[in-house]
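The following exercises concern a single structure and are each accompanied by a worked solution. Please examine the sequence and the model before reading on.

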Amino acid sequence: MAITKVDVCLSEDDAVQVIRSMDRMQGVKEHRLNFQYPEHWFAPVTLSPFAQKIEQETISWMQELGLINDKKTLSLVLAMEPGFFAGFAYSMAPYDHALLFCKCVTMWLLWDDERVEVAKTFEEIEAPVKALYGDQIPNHQMNDPYVQGFKHLGDEHERLGASKRWRKRFAASMAEWGAHAIYEEVLRRNNESDDSRSLEEAIHLRALTAGFTPTTIPVEQTAGIELPDELLESDDYKSILDCAAKICLIVNDIVGVPKDISNDQVKSNVILHYMNANNASLLDAYNLALKIHDDAVNTYDKLVANLLKSFPPEKREGINHFFNLIRYLETGFGIWQENCIRYQQSVAAQMNQSYRIAITRKLS
């Protein structure tokens, strides 16, 4: 039986355990952590009819680029279940946009695993981001499959109608993610056991490195709009993005607890950070995270309603559609994580109680 323990400043009897889903521990009971959302957060179509096709197309594209060139990498990508990721998150999108999203996130996850998590400086991962910008790439880097892949994403979005201004904004958001992801990796590799960051500081970093903000930008293209400067620069919009990022990171870090323990990535997971900093139990940390999540969902709705009032009716419909698609992105992402092999092949347990997430509709 595969069980891993992590030091969470508790007694040996209270240590967190990672249990493979195929195993059974006598006396361990399962507890469901319910992520509740209002009905309007769920897309009318749960799973895209293109889910299987866009996964096949994405894998073929990555094989042609040379990103998938052996059985091990193929198995890793298949475990991500990209068709379901894009199919749940982009269930309402036309085929071309769903395919681009599937390509983007699948390549991004592999890029993170292969390049970002071993980088020490942003310069080591800068070339693919520059290709996404549409900038000139030095000849010796042009054949890098990630450079070619990110250039393809930018080019294809332009072909589908995105402006160069939008493309640069998308690339700038990816650059911000990359810089903070490298900082997070440096933090992970720091051998000092003491981590003096507050929970708020830990959440702020994970809100950036969970990667939700860059994924909101292609949603504009699916909604058929490019957000105006007066919206992008408003405090309400920045607060809305902050709420959306918190919602995503909480789901991600709760479901990622066993994976992060097994991969020795304890410092970057806000659940494990809180446990270590406060000598808290796993359940107490989960309950706090669920409250932060629920508060962010409620605040998102209030801020969106308030922001929409500042726009004339002729602009309001498109902007409201964009914010609805962000809601669907959140719940779709959660449904994928609730079922994905990448996250559900193991569970975390403490004091004879294991935990799994459930994405549910909030009773009115």
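**Exercise 1: the largest pocket**

Task: Determine which helix contributes the largest share of the lining of the largest pocket, and describe that lining.

Solution. Helix 4 (residues 95-114) supplies the largest share of the lining, namely six residues. Helices here are DSSP runs (H or I, at least four residues), numbered from the N terminus. The model is a predicted one, in which local features need pLDDT of at least 70 and side-chain atom pairs count only at pLDDT 80 or more, whereas totals for chains, interfaces and linings use all residues. Residues are numbered from 1 along each chain as its sequence is written, and side-chain values use heavy atoms, with hydrogens and water left out.

The next step is the extent of the lining: 47 residues line the largest pocket, and Leu109, Asp113, Lys259, Arg342 and Tyr343 lie nearest its centre. A pocket is an open set of points on a 1 Å grid over the protein atoms alone, where a 1.4 Å probe fits, with protein on both sides within 12 Å along at least five of seven lines; lining residues have an atom within 4 Å of a point. By class, the lining comprises 21 nonpolar, 14 polar and twelve charged residues. In this scheme Ala, Val, Leu, Ile, Met, Phe, Trp, Tyr, Cys and Pro are nonpolar, Asp, Glu, Lys and Arg are charged, and the others, Gly among them, are polar. The space in the largest pocket amounts to about 980 Å³, a volume being the space filled by probe spheres set on the points, with grid points joined across faces, edges and corners.

**Exercise 2: a helix crossing**

Task: State at what angle helix 9 and helix 11 pack, and identify the residues that make the contact.

Solution. Helix 9 (residues 212-223) and helix 11 (residues 235-255) pack at about 115°, and their axes are 9 Å apart. Axes are lines fitted to C-alpha atoms, for helices over the stretch in contact, and angles run from 0 to 180 degrees between N-to-C directions. From helix 9 the contact involves Phe212, Thr213 and Thr216, and from helix 11 Leu241, Ala244, Ala245 and Cys248; contact means heavy atoms within 4.5 Å. Sorted by class, this contact has five nonpolar, two polar and no charged residues.

**Exercise 3: positive phi outside glycine**

Task: For Glu81 and Asp264, decide whether each residue is buried or exposed, and locate each in its loop.

Solution. Begin with Glu81, whose phi is near 50°, a positive value in a residue other than glycine. Glu81 belongs to the loop between helix 2 (71-80) and helix 3 (82-89). Glu81 counts as buried because its relative accessibility is 14%; buried means under 20% relative accessible area, exposed over 50%, and partly exposed in between (1.4 Å probe, protein chains only).

Asp264 likewise is not a glycine, yet has a positive phi of about 55°. Its loop runs between helix 12 (257-262) and helix 13 (270-278). With a relative accessible area of 63%, Asp264 is exposed.

**Exercise 4: two neighbours in helix 3**

Task: Establish which residues are in contact with Gly83 and which with Phe84, and give the accessibility of each of the two.

Solution. Gly83 lies in helix 3, and Phe84 is found in helix 3. Gly83 is buried, since its relative accessibility is 2%. Apart from neighbours within four places in sequence, Gly83 is in contact with Ala51, Glu55 and Cys102. Phe84, by contrast, is partly exposed, with a relative accessible area of 38%. With neighbours within four places again set aside, its contacts are Leu47, Glu55, Ala89 and Trp336.

**Exercise 5: a residue of helix 5**

Task: Characterise the surroundings of Val129.

Solution. Val129 is placed in helix 5 (residues 126-133). A relative accessibility of 4% is why Val129 counts as buried. Residues up to four places away in sequence are not counted; on that basis Val129 touches Trp111, Phe122, Ala171 and Ala175. Val129 and Asp295, 166 residues apart in sequence, are 34 Å apart in space, C-alpha to C-alpha.

Definitions and conventions: Helix = DSSP H or I, 4+ residues; strand = E, 2+ residues; numbered from the N terminus.
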